[in-house]
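Subject: Structure for you, with notes on salt bridges and pockets

Dear colleague,

I am passing on the structure we spoke of, and below it you will find my notes on what was found. Please read them with the model open beside you.

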Amino acid sequence: MALRALDNSLPIAPDKPKKLSKVTIATHKEKQQPDCSVNDENKAPLPPPSTSDACIDYIPSENIKAFPDPDIQIQGLVGGLESKDWLKVCESLNDLRRFALFHPTLLLPILEKVMLVIVKAIKNPRSALCKTSIMASSDIFQAFGEKLLDSGSFDHLLLQLLLKASQDKKFVCEEADRALKAMVEFITPLALLDKLRSYVSHSNLRVRAKAATFISNCVSKMDLDGMEEFGLVELIQTAANLLNDKLPEAREAARSIVTSLYKALTENEEQKEESWQSFCHSNLPAIHAQAMVKLISS
């Protein structure tokens, strides 16, 4: 049989594109995805993230000790307080407390800087730093008392303590309360009343109530002469306004102020109720005066 011409041969089918082998695809995917050859449940658990707050020591004032070499240590205090490392600032605040309680004279030249640092730290959102600075303020009140009133930062410090004592974070709130009590203890009532008086009209209800509480604490420590020096009329008017406050804490403070005023005013009076009634009606609107008289009679 004759051979078929070459040009009449069947066309050769073009090669189909080769598919990547499954092994190759798998290898490619392995480069993109993490190795899942070991089940998660068989892996050792990762350690929990470390919390630096656990490193902070909240040292009670009674456990603080003096420096063996305060003259050397004071040289690095301001630098530590102004550090950008908050842990270093906490450490320096604890050093500050040691100076305040045992070497206060060394702090006098830098007291204004110290006050600014404390206010700044109290504002810090990190709770550990905030609490440590509030503890430092308590020791500063104990060490310097009324000298702090000359500082331009005192009003800012007072406001921050009132704000922190009014918030919901319990361990900060309680520490701020302790600092405010130290303030009342170590600063004379008359001087402190001049600072607190403006906060009973604060827009924040809780700040107003806290201010009222510490005003009542101050008034309870005063005799009649001190009350007269501050202003008996202003005290009774403040109490009358607070008696209608929305928060029970403020109303309780108002009742305490009224009780202290009544005792001081009528101590040497034979007709105590008549004297008190006359004082209230002379200085208050009738409806408020009646409330004051009723509060005492009850």
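What follows deals with the salt bridges, then with one arginine, and then with two pockets.

Please keep in mind throughout that this is a predicted model.

Salt bridges

The count of salt bridges in the model comes to twelve, and I describe three of the pairs here, together with a small network.

Lys195 is paired with Asp155, and the closest N and O atoms of this salt bridge are 3.3 Å apart. The two residues belong to distant parts of the chain, since Lys195 sits in helix H9 (residues 189-196) and Asp155 in helix H7 (residues 154-165), with the two positions 40 residues apart in sequence. Lys195 has a relative accessibility of 23% and therefore counts as partly exposed, and Asp155, with a relative accessible area of 35%, is partly exposed as well.

A salt bridge also joins Asp177 to Lys210, where the closest N and O atoms lie 3.0 Å apart. Because Asp177 lies in helix H8 (residues 170-186) and Lys210 in helix H10 (residues 205-220), this pair ties together parts of the chain that are 33 residues apart in sequence. Both Asp177 and Lys210 are buried, and the two residues are linked with Glu249 in a network of salt bridges.

In the pair formed by Arg197 and Glu234, the closest N and O atoms of the salt bridge are 2.3 Å apart. This pair, too, links distant parts of the chain, with Arg197 in the loop between H9 and H10 and Glu234 in helix H12 (residues 232-242), 37 residues apart. Arg197 counts as partly exposed because its relative accessibility is 29%, and Glu234, at a relative accessible area of 28%, is likewise partly exposed.

Arg208

Helix H10, which holds Lys210, also holds Arg208. Is Arg208 buried or exposed? Its relative accessibility is 15%, so Arg208 counts as buried, the cut-off being under 20%. The side chain of Arg208 is joined to that of Asp245 by a polar contact of 2.8 Å. If neighbours within four places in sequence are left aside, Arg208 is in contact with Tyr199, Val200, Ser201, His202, Ser203 and Asp245.

Pockets

The largest pocket has a volume of about 280 Å³. It is lined by 16 residues, of which Ser61, Glu62, Ser138, Asp139 and Arg178 are the closest to its centre. Helix H6 (127-144) and helix H8 each supply at least two residues of this lining, and helix H8 is also where Asp177 of the salt-bridge network lies. By residue type, the lining of the largest pocket divides into six nonpolar, three polar and seven charged residues.

The second largest pocket has a volume of about 230 Å³. Its lining is made up of Leu81, Glu82, Ser83, Val89, Lys113, Leu116, Val117, Lys120, Ala121, Asn124 and Leu129. Which helix gives the largest share of the lining of the second largest pocket? That share, five residues, comes from helix H5 (residues 111-123). The lining of the second largest pocket divides into six nonpolar, two polar and three charged residues.

With best regards

Key: Residues numbered from 1 in each chain as written. Predicted model: local features only at pLDDT ≥ 70, side-chain atom pairs only at ≥ 80, totals over all residues. Heavy atoms only, no water. Salt bridge = Lys/Arg side-chain N within 4 Å of Asp/Glu carboxyl O. Helix = DSSP H or I, 4+ residues; strand = E, 2+ residues; numbered from the N terminus. Buried < 20%, exposed > 50% of the residue type's maximum accessible area, 1.4 Å probe, protein only. Polar contact = N/O pair within 3.5 Å; in protein donor to acceptor, adjacent residues only side chain to side chain. Contact = heavy atoms within 4.5 Å. 1 Å grid on protein atoms, 1.4 Å probe; cavity = no way out; pocket = protein on both sides within 12 Å on 5 of 7 lines; lining within 4 Å. Points joined across faces, edges and corners; volume = space filled by probe spheres on them. Nonpolar A, V, L, I, M, F, W, Y, C, P; charged D, E, K, R; others polar.
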